[in-house]
Every structure is written in structure tokens, then in C-alpha cells.
Amino acid sequence: MEQIYLDNNSTTPMHEDVIAEMYKHMSETYGNPSSVHNMGQKAKVLMEEAREKIANLLGAKPSEIYFTSGGTEADNLAVKGAAYSGLKKNRNHIITSLIEHHAILESVHFLEKNGFTADYIGCDHDGIVSIEQLKKAIKPETSLVSVMMANNETGVIQPIKEMAAVCKEAGVVFHTDAVQAIGKIPVNVNDLGIDMLSLSGHKVYGPKGIGVLYIRKGTKITPLSHGGAHERRKRAGTENVVSIVGLAKAMEIAIGKIDQEQARMKELSEFFINEVQSKVPDVFLNGSVENRVKSTVNLSFLGVEGEAIILSLDIKGIAVSSGSACTSGSLEASHVLKAMDVDVLLAQGSIRFSMGKDTTKEQLEYTASVLPEIINRLREMSAAYKKPA
Ligand code: PLP
């Protein structure tokens, strides 16, 4: 049975060119970049070339790129690092949104338990975070605002440039979690006017366990890990050189194909949504139709549990997810859909189909063709679903 992978927002398969590049350096360039000898310096050169490549791809300076172990660590470092640094200016208030990834939300919850205060701004029914609420929430004690660039569950793209401008005017540091945006929409840190940005390798056909926190020159953060002087004293620990090389290669490939891939994704997602809605009644798209990373299609099937759909599709060889990967397994409706005020019955029946570079029209056609039987069967057993008259 062919496996159909429609869970690219959870993780992506590594690009073959990335594997080849990493494989070569795994055996050849194993020196520690902090070592002064030739082998160490070879690794350092390789790492600095990758840093420069990544900086260029983001419109940043190499000295503003800090390697981390992934998106989660980059988010933790940004939020907690800026919060603790803010204390030096008597600022102890953080603002984030209700639709963030748990890496941000849990970091802010941690800070709240440790003497900080926080506000969580909401979004509209399309999933777009409110700039008006942001403006109202900023106080003289606010040190940081963190709002994601593209949502992992719905793909909805946020007005980052406008929010960054509001924060700049108020003298507040602005961070964005761009884990689901990099390689899908153009990102230039200067055009956007942001102070910090997180990204992750395994969402762009690169390796797992590697990420970046971009920190604009002059932005102050308190380091969270202590040890050696790595990453200009902001993140101690021997750098994962081979994965850094893989990340740079993966970003170069993905960013180079954004226009072409997004046009393909727009076509594929429109085709898929039409196919499903024409075959199955009471199916609704969650999130803005237009303002979305088109590869993410979040559909709610009225009166059916999302988890039951996942398992039924899995039996057919189709991998999808409900809500974010980190919360799947729990039947709690997604916090993102709740914030969007999606009816709870619809929120519980939501499935995220996330397409990627290997997704084909035939795969989507097949997925849409097996859904009517699955949804009908589950609805027959569902007390929550009443057949249309
Ligand atoms: N932020 C967002 C928006 C994500 O989607 C994810 C992963 O699902 C992360 C952060 C965490 O990234 P990582 O898996 O590299 O820790």
C-alpha cells in the first residue's frame, strides 16, 4: 500500500540533497568548531559558511544568527531570554496570542509562575490575531510581544509587519515564531522590522534537532544555558555542525522554490477542498481562505471525532493529524480553533491535511475518495450528527 503523507506541518522528510551534503560531512568534518587545530577550524569554517547562507536567506547579518536544537529551544530562548533581560529595566509583562504553539504558550506560563505577568491576545473567526487588542495590551512594563508568523494548525498568516511596527513605536521587543512560515512565504527580517525570529530544520526538509533564533543586533536577551562561550555566549553547547550544514542547504532549496511551490499548493488545496466538500456534506474550512499558507488545509467534519478520522485514514495508508502534533492523543478541542470561536462540535471533528513537496494531485484525489465512506460510517455511530433532511 502506498503511504500518503499529509502531515508535513508535523515534520517533513529530509530532502535527498540535504542528506547527501550531511552524509559527506558526517564522515569528513567531525572536528569540534571550538578546537583550535586544523580539523576543528575546518568544522568552524563550514559552520560559519552555513550561518552566512542562512543570514542571507533571511536578510540578516551572520552575527545575528544563533543555532539552537530546534524551534522549541529557539522559542524558549526568545521568550524567557527577553523576559529576564527586561527585568533589568523593571519590565515584567509579556504579551503573546492565544493561538501560539505550546513552545511559546508554555514558556509564558512558566514565566507567569515565576513573577511575570502576561496578556494573551485573541483572534477573529478567520484566525487572524487582533492588532487592536495588541495596542491595548501594551503597557510601560511590557518587555516582549511574541506572535507567530503562520499558524501550525490552520496555516493562517499573521500581520507581522504591522505588529512589529506597533511594538517598535512602543519600544517593545517583538519576536515571531516563523517555524511554519520559512520556506513557504518570503521572510526578510528587515522588511518585517522584527527583533527576533525562530525557525526549525525539520519543517523545511532538513534534519530534526536543529533550529535558529535570529536576534537583531542590540536586542538584549539573558542566556538560558550556561557553559562554554558558544554562539557568542547566548547558547552554550557544542554546535551540531552537520545538522547546521543540512539546515542551510534545506533552507536554500525550500526558499528558492517558494513561488513555484506556493502556486502548486494553491491549486492542489483548492482542488482538494472542492473534492472533499462535493463528496461529503457538512465539511468546513477553518481559517482564512486567502491569508493562509496554502499547503495547510484544516477541515472540520461535523459530528465526528477527529481522532477517529485519523485512525480510519491511517488504515488506508494516509497520515494526517488533528490540531498540533504535540496535542494529538488528547480529545481536548484545539486551543487554536477555540480562540477562533469555532463551534466545539466542529472543533472536535477537525483534521489538518498538510501537503508538502512530494504531495501529488493523485494522492489528494485518493484521499478525498476514501473520506465519504469513513465519514458516513462514523456519522452513523455519532449521536452528535443529524443527517441533513
Ligand atoms: N513552533 C511551531 C509553530 C511549530 O509548528 C513547531 C513544531 O511543531 C515548533 C514551534 C517546535 O519546533 P521543533 O519541533 O523544532 O522543536
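**Exercise 1. Determine whether Lys 266 is buried, partly exposed or exposed, and identify its salt-bridge partner.**

Solution. The relative accessibility of Lys 266 is 37%. Buried requires under 20% and exposed over 50%, so Lys 266 counts as partly exposed. This value, like the others below, is computed from a predicted model. The partner of Lys 266 is Glu 270, with 3.0 Å between the closest N and O atoms. Glu 270 is likewise assigned to the partly exposed class, at 41% relative accessibility. Both residues lie in helix α10, and because they are 4 residues apart there, about one helical turn separates them.

A further case of shared partners may be added here: Lys 44, Glu 48, Arg 51 and Glu 231 are joined into one network by salt bridges.

**Exercise 2. Establish how Glu 261 and Arg 264 are placed in helix α10, and classify the accessibility of each.**

Solution. Helix α10 covers residues 258–279, and Glu 261 and Arg 264 are 3 residues apart within it, which means a separation of about one helical turn. Their side chains form a salt bridge in which the closest N and O atoms are 2.8 Å apart. Glu 261 has a relative accessible area of 16%, so it is buried. Arg 264, at 28%, is partly exposed.

**Exercise 3. Decide whether the contact of Glu 64 with Lys 61 qualifies as a salt bridge, and state which partner is buried.**

Solution. The N to O distance is 3.9 Å. The cut-off is within 4 Å, so the pair qualifies as a salt bridge. Glu 64 is the buried partner, with a relative accessible area of 4%. Lys 61 has 45% and is partly exposed. As a general principle, side chains of opposite charge can pair when their charged atoms come close. In total, the structure holds 14 salt bridges.

**Exercise 4. Assess whether the radius of gyration of the protein chain agrees with that of a compact globule, and describe the fold as a whole.**

Solution. For 389 residues, a compact globule would have a radius of gyration near 21 Å; the chain has 22 Å, and the two therefore agree. Along the principal axes, the C-alpha atoms fill a box of roughly 75 × 50 × 30 Å. The chain contains 14 helices and 12 strands. Of its 389 residues, 57% count as buried. Of the contacts between residues at least 6 apart in sequence, 75% join residues at least 24 apart. Finally, the mean positions of the 42 positive and 47 negative charges are 6 Å apart.

How values were computed. Residues are numbered from 1 along each chain as its sequence is written. This is a predicted model: local features need pLDDT of at least 70, side-chain atom pairs count only at pLDDT 80 or more; totals for chains, interfaces and linings use all residues. Side-chain values use heavy atoms; hydrogens and water are left out. Helices (H or I, at least four residues) and strands (E, at least two) are DSSP runs, numbered from the N terminus. The radius of gyration is taken over C-alpha atoms; the globule rule is 2.2 Å times the number of residues to the power 0.38. Buried means under 20% relative accessible area, exposed over 50%, partly exposed in between (1.4 Å probe, protein chains only). Contact means heavy atoms within 4.5 Å. Lys and Arg count as positive and Asp and Glu as negative; His and the chain ends are not counted. The place of a charge is taken as NZ of Lys, CZ of Arg, CG of Asp or CD of Glu.
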